[in-house]
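Here is a short briefing to read alongside the sequence and the model. Take a moment to get the view oriented, and then we can walk through the packing together.

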Amino acid sequence: MTLTAPVLYGLLIPFAGTMLGSAAVFVMRKQMSLMVERLLEAFAAGVMVAASVWSLLIPALEHAAHLGKLSFLPAVAGFWGGILLLLLLDEVIPHLHVDAANPDFTHGVERGNLGKVTMLVLAVTLHNFPEGMAVGVVLAGWAGGDMGITLSAALALSIGIAIQNFPEGAIISMPLRAAGGSRGKAFLYGTLSGAVEPVAGLLTILFAALATKVLPFMLSFAAGAMIYVVIEDLIPGMTEGEHSNWPTVLFAVGFTLMMVLDVALG
């Protein structure tokens, strides 16, 4: 499949969100407050849940409608495939969970402790992989001529992922700065942590081009992987610590924003 300009834009827009978020090290103090981290994680969780439902699971069900009452099968199988893959990766790859309540995350990274810094980067890399897959599979559906997926819907998902990548970029670059790294190095590593997204998206597009019949499975697979990240990494961080209703509000803001983007642009 030829990588057209819209496909390249769709792949790079989320990466740009991570880059802009990582640039927070140039304008913010060394360490982010725990409440700000909780709010950013809540917003990101809301965007990811809405994207999983409107941009991935619902299209997966629609594309399998020809199966009649069994149209749920590809979505269920793909969803569980995504969950199980992330569960496996979570077990075999050493990393710190992206969890604002985790004392070993931003607030526990000791100056010069490169081991924890490396684990932070691995955490966000693992986190970003399913997001890249989600963007890639939707772009593949559009590029393959699937009339059920419009370019606007594909770009809406890319923009939504980019919006939630902005706080993620800050969440990874700020700890690197707090660990004693320079602003430039923290920005670079924070940016590179998002490089897995366009790579994962490109690989997904290439695979989908070879197996267009499994598009419903791939859509729901990406949804399952994203939901795993939300439950395992983001929700614990937004709910732990001193009670506050603001993380719930920011979750709802992220959810509705992604829903509006998908419906209005789709």
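**Helix 5 against helix 9, and the wider picture**

Helix 5 and helix 9 pack with their axes 8 Å apart, at an angle of about 160°. Since angles over 145 degrees count as roughly antiparallel, helix 5 is roughly antiparallel to helix 9. Please keep in mind that this is a predicted model. The protein chain contains nine helices and zero strands, and along the sequence its pattern reads α-α-α-α-α-α-α-α-α.

**The chain as a whole**

- Of the 266 residues in the protein chain, 50% are buried.
- Among contacts in the protein chain with a separation of 6 or more, 87% are between residues 24 or more positions apart.

**More on helix 5 and helix 9**

- The crossing of these two helices, helix 5 and helix 9, is right-handed.
- On the helix 5 side, the contact is made by S152, A153, A156, L157, I159, G160 and I163.
- Helix 9 contributes L257, M258, L261, D262 and L265 to the contact.
- Sorted by class, the contact of helix 5 with helix 9 has nine nonpolar, two polar and one charged residues.

**Helix 5 and helix 6**

- Helix 5 also packs with helix 6: their axes come within 8 Å and cross at roughly 145°.
- The crossing of helix 5 and helix 6 is right-handed.
- From helix 5, the residues involved are I172, S173, L176 and R177, and they meet R183, A186, Y189 and G190 in helix 6.
- By class, the contact of helix 5 with helix 6 has four nonpolar, two polar and two charged residues.

**Helix 3 and helix 8**

- The axes of helix 3 (residues 72-92) and helix 8 come within 6 Å, crossing at roughly 45°.
- That angle makes helix 3 oblique to helix 8.
- Helix 3 passes helix 8 with right-handed crossing geometry.
- Helix 3 brings P74, A75, A77, G78, F79, G81, G82, I83, L85, L86, L87 and D90 to this contact.
- Facing them in helix 8 are P216, F217, S220, F221, A223, G224, A225, I227, Y228, V229 and E232.
- By class, the contact of helix 3 with helix 8 has 16 nonpolar, five polar and two charged residues.

**Two buried residues to look at**

- Where does M218 sit? Its place is in helix 8 (residues 215-239).
- M218 has a relative accessibility of 10%, and because buried means under 20%, M218 counts as buried.
- Leaving out residues up to four places away in sequence, M218 touches V137, T204, F207 and A208.
- One of these partners, V137, is 81 residues from M218 along the chain, yet their C-alpha atoms are separated by 6.7 Å.
- Q164 belongs to helix 5 (residues 151-178) and is buried, with a relative accessible area of 0%.
- Not counting its neighbours within four places in sequence, Q164 is in contact with F43, A44, V47, M48 and E131.

**Aromatic pairs**

- How many aromatic pairs does the structure hold? There are four aromatic pairs.
- One of them joins F26 and F187 in a tilted arrangement, 5.5 Å centre to centre with 50° between the planes.
- F26 lies in the loop between helix 1 (5-22) and helix 2 (34-63), while F187 is in helix 6 (residues 183-192), so the pair ties together parts that are 161 residues apart in sequence.
- Are these two rings buried or exposed? F26, at 44% relative accessibility, counts as partly exposed, and F187, at 24%, also counts as partly exposed.
- The rings of F251 and F255 are stacked, because their planes lie at 20°; their centres are 6.5 Å apart.
- F251 and F255 are four residues apart in helix 9 (residues 246-265), so about one helical turn separates them.
- F251 is partly exposed, its relative accessible area being 22%.
- W54 joins F251 and F255 to form one aromatic cluster.

Terms used
Residues numbered from 1 in each chain as written. Predicted model: local features only at pLDDT ≥ 70, side-chain atom pairs only at ≥ 80, totals over all residues. Heavy atoms only, no water. Buried < 20%, exposed > 50% of the residue type's maximum accessible area, 1.4 Å probe, protein only. Contact = heavy atoms within 4.5 Å. Phe/Tyr/Trp six-rings, centres within 6.5 Å; stacked < 30°, edge-to-face > 60°. Axes fitted to C-alpha atoms, helices over the stretch in contact; angles between N-to-C directions. Parallel < 35°, antiparallel > 145°, perpendicular 65-115°, else oblique. Left-handed = near helix turned anticlockwise from the far one by under 90°. Nonpolar A, V, L, I, M, F, W, Y, C, P; charged D, E, K, R; others polar.
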